[in-house]
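I opened my notebook to look up a few things in this structure. Here is what I went through, one entry at a time.

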Amino acid sequence: MPTVLLVRHGRTAANASGLLAGRTPGVVLDDTGSAQVSALGARLSPVPLARVVASPLERCQQTAAALLAAREGGPEQVLTDERLSECDYGGWTNRPIKELTKEPGWALVQGHPSAAVFPDGESLRSMAARALDAVREIDAEVLAEHGEHAVWAAVSHGDVIKAVLADALGMHLDSFQRLVVDPASVSAVRYSPLRPFAVRVNDTGGDVSALLPPPPGSDAADSSDAVVGGGAGAADPADDAPRG
């Protein structure tokens with residue numbers, strides 16, 4: 001079962017100012033966001049990526065390009081999938097969050113998001129469905145082309161990633177607001193035949209060695225079974241170091 005890294009784009013000026021940018025064109029990373037994705041690319045550079053797929057919006061394309069720029073080998077270009085795009089917030093687009101909190105629909109988005117439909121826009125339920133379809137479909141393609149230990153990245157947006165994570169965690173969409181997905185964060189999911197495994201959630205600086213494929217000839221085997229008792233966790237790289 002491959003591992004999908006769910007990467008949120010770096011910070012934008014809209015994020016910093018509390019503006020709901022949505023699908024507005026021309027929203028790019030600010031200086032902080034550019035530094036975030038540069039650091040993220042360096043941190044993920046040891047992890048071999050079989051494919052990098054991104055939302056068509058500029059901030060995600062920039063983030064995905066930073067992942068490729070920091071590595072040697074692997075994919076030569078970013079692939080684009082419209083289904084990973086930001087939710088269409090319709091009439092809420094480009095409005096300040098502090099203003100939107102006074103809208104009648106705000107309470108529904110917070111407490112019952114599966115029923116929320118943005119004015120002249122998209123429902124959160126349809127956003128979740130298209131994103132999950134994309135991730136599952138691409139994951140199956142990566143498995144067929146690169147094998148069960150492959151790693152690939154989907155670069156998308158906060159609400160989109162939260163919806164995918166909620167599904168992996170067995171949460172109803174109405175609970176997805178409990179999740180936090182920060183700019184330039186990495187979450188990771190593995191889809192086994194029986195269940196998804198949420199490997200990481202909102203990682204903004206942790207060690208990535210657990211995301212590396214197992215070495216050839218190792219005893220590591222993918223399974224749909226959860227380890228009773230929690231298991232030993234990821235192998236310590238020091239365990240493979242020469243001992244004198």
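Is A184 buried or exposed? I looked it up: A184 is buried, because its relative accessible area is 9%, and buried means under 20% relative accessible area, exposed over 50%, partly exposed in between (1.4 Å probe, protein chains only).

**Ground rules**

I noted that this is a predicted model, in which local features need pLDDT of at least 70 and side-chain atom pairs count only at pLDDT 80 or more, while totals for chains, interfaces and linings use all residues. Residues are numbered from 1 along each chain as its sequence is written, and side-chain values use heavy atoms, with hydrogens and water left out.

**Entry: the whole chain**

I found 7 helices and 8 strands in the protein chain. Helices (H or I, at least four residues) and strands (E, at least two) are DSSP runs, numbered from the N terminus. The chain has 244 residues, and 44% of them count as buried. About 11,800 Å² of the chain is exposed, with carbon and sulfur atoms supplying 52% of that; the areas come from the Shrake-Rupley method with a 1.4 Å probe, and for residues only the protein chains shown count as cover. I also looked at contacts (heavy atoms within 4.5 Å). Among those between residues at least 6 apart in sequence, 74% join residues at least 24 apart.

**Entry: positive phi angles**

Most residues other than glycine have a negative phi. I therefore wrote down A184, which is not a glycine and yet has a positive phi of about 60°. A184 sits in the loop between α7 and β7 (186-191). N202 is not a glycine either, and its phi is positive at about 55°. I located N202 in strand β8 (residues 196-203), and N202 counts as buried because its relative accessibility is 19%. G170, which follows α7, has a positive phi near 75°.

**Entry: helix α7**

How many of the residues of α7 are buried? I read 10 of 11, so α7 is mostly covered. The buried ones include G158, D159, V160 and I161. Their cover includes β1, α6, β6, β7 and β8.

I then looked at D167, which is in helix α7. D167 counts as partly exposed because its relative accessibility is 28%. Leaving aside neighbours within four places in sequence, D167 is in contact with L132 and R136. D167 and A129 are 38 residues apart in sequence, and their C-alpha atoms are 9.9 Å apart.

**Entry: helix α3**

Helix α3 (residues 58-69) has 12 residues and reaches 16 Å from first C-alpha to last. That is close to the 16 Å expected at 1.5 Å a residue, where the expected span is 1.5 Å times one less than the number of residues. Which residues of α3 are buried? They are R59, C60, T63, A64, A66, L67 and L68. These pack against β1 (3-8), α2 (31-44), β3 (51-54) and β6 (151-156).

After that I checked E76, in the loop between α3 and β4 (79-80). E76 counts as exposed because its relative accessibility is 81%. The C-alpha atoms of E76 and A65 are 9.8 Å apart, with their positions 11 residues apart along the chain counted as the separation.

**Entry: the loop between α5 and α6**

I found F118 in this loop, and S114 lies there too, with α6 spanning 124-146. F118 is buried because its relative accessible area is 4%. Not counting residues up to four places away in sequence, F118 touches C87, D88, Y89, G90, W92, V109 and L124. S114 counts as buried because its relative accessibility is 14%. With the sequence neighbours up to four places away left out, S114 touches R125, H172, L173 and D174.

**Entry: the second largest pocket**

How much space lies in the second largest pocket? I noted about 660 Å³. A pocket is an open set of points on a 1 Å grid over the protein atoms alone, where a 1.4 Å probe fits and protein lies on both sides within 12 Å along at least five of seven lines; lining residues have an atom within 4 Å of a point. Grid points are joined across faces, edges and corners, and a volume is the space filled by probe spheres set on the points.

I counted 30 lining residues, of which R8, L20, Y89, I97 and D159 lie nearest the centre of the pocket. Elements giving two or more residues to this lining are α1 (13-17), β2 (19-20), α4 (97-100), α5 (106-111) and α7 (158-168). By class, the lining has 16 nonpolar, 8 polar and 6 charged residues. Here Ala, Val, Leu, Ile, Met, Phe, Trp, Tyr, Cys and Pro count as nonpolar, Asp, Glu, Lys and Arg as charged, and the others, Gly among them, as polar.
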